[in-house]
Amino acid sequence: MPIVAPSLLSANYLNLEADCKMLNESEADWYHLDVMDGRFVPNITFGPMVIDFLRKASNKVFDVHLMIEEPEKYTEAFKKAGADNLTVHIEACTHLHRNIQQIKSLGMKAGVAVNPHTPVSLLKDIIADIDLVCLMSVNPGFGGQSFIPQTLVKIRELRNMIDEKGLNVDIEIDGGVTLENAKSIVDAGATVLVAGNTVFRAPNPTEMISLLKKI
Ligand code: DX5
Ligand code: ZN
């Protein structure tokens, strides 16, 4: 059964409380929270302040995906805001190992995200130090894009790397996940499904979350 992590990028920001209530009462495992800085990605979303408010509305795991440059400057702020998992982009970190240690020393789970063009082989020497790999299956920045099929090849390669080393690292797929492609994603070896539009644009989001859980 996959971990299902609805992305609040597609939520209704005029009434976030209603979406939180829906998620809390659903089978959703994690809140996936997309932080964008307008530099690493061509879009801007929210930061620790909004996450701090959301924290008061939910006890679920907060999976924070930082699409920002210099994430090390904000690690502590996201911890204080209530992040459980903190994911940084490999493309944004010159000192990735140091950033991972910083995240873990603050008691959060550490994730590394990779863009569609970045080979998973680059994770070889960091994989044993992290809890999660977020494979971007779209170019980061926006919700509602189409799944890039090459991601399936990357999932299998990463699954082999993790299994060969006997590690317990989650493989999270982020972008363009639908009810139609979710099974092939899980079969390839992914353990976490992020879903923005698929959940929040569904006629019945709660039911959609249940269907994704049953994959
Ligand atoms: C994109 C974000 C995703 C986004 C996915 O940069 O990282 O988490 O919300 O949205 P969907 O599921 O609509 O592709
Ligand atoms: Zn994301």
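Here is a short tour of a predicted model, taking in its zinc site, its largest pocket, a pair of strands and one loop residue.

**The zinc site**

Let's start with the metal. Four residues hold the zinc ion (ligand 2): His32 through NE2, Asp34 through OD, His65 through ND1 and Asp174 through OD, at 2.0 to 2.3 Å. The site has 6 donor atoms, with angles of 70 to 170 degrees among them, and its geometry is octahedral. Written as a spacing pattern, the donor residues of the zinc ion (ligand 2) read H-x1-D-x30-H-x108-D along the sequence. Two of them tie distant parts of the chain together: Asp34 sits in strand 2, while Asp174 belongs to strand 7 (residues 170–174), and their positions lie 140 residues apart in the count.

Are these two aspartates buried or exposed? The cut-off for buried is under 20% relative accessible area. Asp34 comes in at 4%, so it counts as buried. Asp174 has 7% relative accessibility, so it is buried too.

Here they are beside Tyr13, a residue we'll meet again below.

| Residue | Relative accessibility | Class |
|---|---|---|
| Asp34 | 4% | buried |
| Asp174 | 7% | buried |
| Tyr13 | 41% | partly exposed |

**The largest pocket**

Now for the empty space. Rolling a probe the size of a water molecule over the atoms reveals where space is left. The largest pocket holds about 270 Å³. It is lined by 27 residues, and the closest to its centre are Phe142, Gly143, Gly144, Gly175 and Gly176. Which kinds of residue make up the lining of the largest pocket? There are 14 polar, 11 nonpolar and 2 charged ones. Several elements chip in with at least two lining residues each: strand 2 (30–36), strand 3 (61–67), strand 8 (192–195) and helix 7 (197–200).

**A pair of strands**

Next comes strand 5 (residues 109–114), which is mostly covered, with 5 of its 6 residues buried. Its partner is strand 4 (residues 85–89), and the two run in the parallel sense, joined over 5 bridges. One link to look for is the bridge between Asn85 and Lys109, the latter in strand 5.

**A loop residue**

Finally, back to Tyr13. You'll find Tyr13 in the loop between strand 1 (3–6) and helix 1 (16–25). With 41% relative accessibility, Tyr13 counts as partly exposed. Tyr13 and Val88 are 75 residues apart along the chain, and their C-alpha atoms are separated by 24 Å.

Key:
Residues are numbered from 1 along each chain as its sequence is written. Chains are lettered from A and ligands numbered from 1 in the order in which they are written. This is a predicted model: local features need pLDDT of at least 70, side-chain atom pairs count only at pLDDT 80 or more; totals for chains, interfaces and linings use all residues. Side-chain values use heavy atoms; hydrogens and water are left out. On a 1 Å grid over the protein atoms alone, a cavity is a set of points where a 1.4 Å probe fits but cannot get out, and a pocket is an open set with protein on both sides within 12 Å along at least five of seven lines; lining residues have an atom within 4 Å of a point. Grid points are joined across faces, edges and corners, and a volume is the space filled by probe spheres set on the points. Helices (H or I, at least four residues) and strands (E, at least two) are DSSP runs, numbered from the N terminus. Ala, Val, Leu, Ile, Met, Phe, Trp, Tyr, Cys and Pro count as nonpolar, Asp, Glu, Lys and Arg as charged, and the others, Gly among them, as polar. Donors are N, O and S atoms within 2.8 Å of the metal (3.2 Å for Na, K and Ca); water is not among the atoms, so sites may look incomplete. Four donors count as tetrahedral if all angles lie between 85 and 135 degrees; four count as square planar and six as octahedral if opposite donors are over 155 degrees apart and all others between 65 and 115; anything else is irregular. Buried means under 20% relative accessible area, exposed over 50%, partly exposed in between (1.4 Å probe, protein chains only). Two strands pair if DSSP finds at least two bridges between them.
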